[in-house]
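Student: I am new to this structure. Could you walk me through how to read it?
Tutor: Gladly. Have a look, then ask away.

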Amino acid sequence: MTVPALPAVAGGGVAVVRDRAIEIRVRPAVALRTRPIAGGVAHYLSLHDAEIDARADTFWDGWPGLNAPYAWRDLELTDAVICVVGERACVARGAAASFPLVWSPRAPGLALSTVLPVKSGEPFTRAGLVATVAGACVHASYEPNGFPATPLAHWWRVRRGSALHFDGGRVVHEQVINPCAGRAWVPREVIAQNVRAALDAYGRSQRGGGCSLVEVSGGFDSSLAAAPAADGSRAAMHGISVHYPYYEFRFERLLQQATADSFGIARVEVDGTSMYPYSPAEAPARFDAPSVFVTGIRHAEIVARHAASLSAQRLYMGHGGDQTFATDLLAPEVLVTNPPARHPFSAHAWRVVRQALDDTRTSAWRDRWLGTFVYDAAQDVWVKETFGATVRTPFTDLAVFRAALAWSVWCRAHGTVPDKSILAEAAPDLIPASVRQRRGKVPYDGVWMRAYRAQADHIATAFEGVRDVLAHIGVDVNWLQRRARDLGAWQAKSDREVLAIYAIAHWLGAWGIQRVSDVAWSG
Amino acid sequence: MSVLRRCTESWTDVPVDAELTLVYGPRWARVYLLPSADALAPPFLRAIGLGGATRDGELADPVERVHRDRTHFTGAPIASVPDWMVAAYQAFDASRHVVPLRVAALATRAIARVLWRTRGGGAPAAGPDTANPSLDLDTIARTVHAVEARVRTPDCYPRALLTALLSLSAGRACMLLVGVLAPTRKMHAWCCLDGVLPYERQPEHYIYRPLWMLWVDP
């Protein structure tokens, strides 16, 4: 097997690992560890450079082998493994994978990549672009998992929470990765102990991590993201909070300051009105695939830029806390019941959207216990590649997720709804009293309405800039612009279509694809 | 109890920008977004049920704390409540767009008077906790929680009226409030007793800016 170092391709240095007819392209942000396995070689991939050795060692130590029924059960939710044995390959991708992983058949062989080669000259597909609307419309910003199509005609996504088996470049089997180790309920005290043990393990994994920044929201989740990691590294941890000057947020500032004070960290405050949803970023934000996360790109940029100014290696956020401990993980994800409006889509585009909606609703990966609705990782690669910091939350750690699963099992057995009381029970010393006693969570509905008021013209301009391409894929730009302006005039209308297609428009604009002739098309 | 005791009603509007403002109309239980000049016009105010109410510059939420929420009753047996109470809750819910909230509050007070007489109560006691030991905050919270466990879709509107019913039947005055999560049209209703909200499924009243208040004496 050769592991040559090749020069930059498609806009960034990408390492290429080639074994016979199987080529693996790995972007610099993704760390790789390689080891021999029976008859071949295996690669462990993670965005967490400083943790990959421990993660890979732990995984391989317990790995039952490539063909074992539960071969991938112990894979960390954010990571991936690629095994190559002769002409065969197996790609396992964690349910909360924090970097892209796509594949394309080659003659002969197979190409696997952590970079979707958008500007490589490969042809686009209208259906691949339009299908992203479905995911955005029914389950917001999670990377679509009901279908594997990407905007490129010959590239497909490896679904999160799946293991794809290839032979000679063809998919021969797709397997759902179930991280659940059992469904029998254990006593509440045991669950609390397991939660604590998992958080302590997370804390140990963060030791020696250097300077870090935590987004202090004043809630359980960001407190648990920061507190275990702060132990022993408090001097190197900084805080940042966002504040909105609105009625519903009037208690938040004091709460955020009290939280930062309890951690003993300095905190800066940023005015939320300077980073409304849809506010464009100053740095180019080119995601591999369209994502509605771009509506929060300015917020992400300001926080990440502050991290870079501190030379922070890690950016701690409490993402995934609600999705793990305040959600019934034994149930399928509840999808939005009313579909997007028919009006902005041509007949052909509407058929694609309907099919993608059906695929999403009937997807085998809709069950929450698989971990596919825990975390939206859209920003992680961009933040790391642009600002140098790795986004980190404890709620994607497999041990934490399994503790949350056990909590859901206990709650189901006792006829109650999961909530975060188990976190307060497990880690009272890690959650400041002010947070444990806080009133509740402030919704962002008012912020979003004001965002449409402030950004309606920007949204309409974004659609206008790629009108030619949107029309080509079957989207009515005039309808979208009218809807954006209605939302900007405080009208209580659905924003689902604007949100979903803005993700596409932003993506096209970011990649400089403004006219149909800018790229090749295949269907 | 005297039927002539007052119901003091106050309202305010919440501007969303330089031109438009939000107003709540108790007649049809709806919130309206319109130009400020139109929102303050007397014919409009009469049409939406604010003709007899006092306009205040800003209505402060009197609630200082929520006594109980749903999590408090996790794992605990659900109290037994009479069927008529469940029926009253459902009637409150069904009536919101038909019976003006002020009328519903007066009807609630009338029912409370009957309950008061049934219990053999006399004049209301002086202090809040001694008004009726059998209807303290815990009992009110437990009762509302138990009623909601028996209905299909718990909602803040009937919850507020049921809380008012229980409070008034114990000889305690209360305040009904309706608020909005501006600039959306999302509304919430709640009932406050001496600065305390006895029960909310989840504490959320504080995010809703009060648009309308009704003080109800027993």
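Student: Let me start with one cysteine. Is A:Cys83 buried or exposed?

Tutor: This is a predicted model, so every answer describes the prediction. A:Cys83 has a relative accessibility of 1%, so A:Cys83 counts as buried.

Student: Which cysteine sulfur is nearest to that of A:Cys83?

Tutor: That of A:Cys90, 5.8 Å away. A:Cys83 is in no disulfide. Over all chains the count of disulfides comes to 0.

Student: What about B:Cys174: why is there no bond to B:Cys191?

Tutor: A disulfide needs two cysteine sulfur atoms within 2.5 Å. The sulfur of B:Cys174 has its closest cysteine sulfur in B:Cys191, at 3.8 Å, so the gap is too far for a bond. B:Cys174 is also buried, with a relative accessible area of 0%.

Student: Now charges. How many salt bridges are there over all chains?

Tutor: First the idea. Side chains of opposite charge can pair when their charged atoms come close. Here the count is 46 salt bridges over all chains. One of them joins A:Asp429 to A:Arg196, with the closest N and O atoms 2.6 Å apart. A:Glu51 and A:Arg55 form another, and there the closest N and O atoms are 3.5 Å apart.

Student: Are A:Glu51 and A:Arg55 buried or exposed?

Tutor: A:Glu51 is buried, and A:Arg55 is buried too.

Student: How many salt bridges lie between chain A and chain B?

Tutor: The count is 2. A:Arg453 forms a salt bridge with B:Asp17. The closest N and O atoms of that pair are 2.8 Å apart. On the side of chain A that touches chain B, 8 residues are charged, 7 are nonpolar and 3 are polar.

Student: How many residue pairs are in polar contact across that interface?

Tutor: The rule finds 8 residue pairs, with both residues at pLDDT 80 or more.

Student: How many residues does each chain bring to the contact?

Tutor: Chain A brings 18 residues, and chain B brings 21. Between them the chains bury about 1700 Å². Carbon and sulfur atoms hold 61% of that area.

Student: Which residues of chain A lose the most area to chain B?

Tutor: A:Tyr247, A:Arg439 and A:Trp490. Together they make up 39% of what the side of chain A buries.

Student: What ipTM does the predictor give the complex?

Tutor: The ipTM is 0.89, and the pTM is 0.91. Next, look at each chain. Chain A has a mean pLDDT of 92, and 97% of its residues reach 70 or more. For chain B the mean pLDDT is 88, with 89% of its residues at 70 or more.

Student: Where in chain B is the pLDDT below 50?

Tutor: Residues 1–5 of chain B are one such stretch, with 12 contacts in the model beyond near neighbours in sequence. Over residues 122–131 of chain B the pLDDT also stays under 50. The model gives that stretch 13 contacts beyond four places in sequence.

Student: How should I read such stretches?

Tutor: With care. Where pLDDT is low, the predicted coordinates should not be read in detail.

Notes
Residues numbered from 1 in each chain as written. Chains lettered and ligands numbered in written order. Heavy atoms only, no water. pLDDT = per-residue confidence, 0-100. Contact = heavy atoms within 4.5 Å. Buried area = accessible area lost by both parts, 1.4 Å probe. Salt bridge = Lys/Arg side-chain N within 4 Å of Asp/Glu carboxyl O. Polar contact = N/O pair within 3.5 Å; in protein donor to acceptor, adjacent residues only side chain to side chain. Nonpolar A, V, L, I, M, F, W, Y, C, P; charged D, E, K, R; others polar. Buried < 20%, exposed > 50% of the residue type's maximum accessible area, 1.4 Å probe, protein only.
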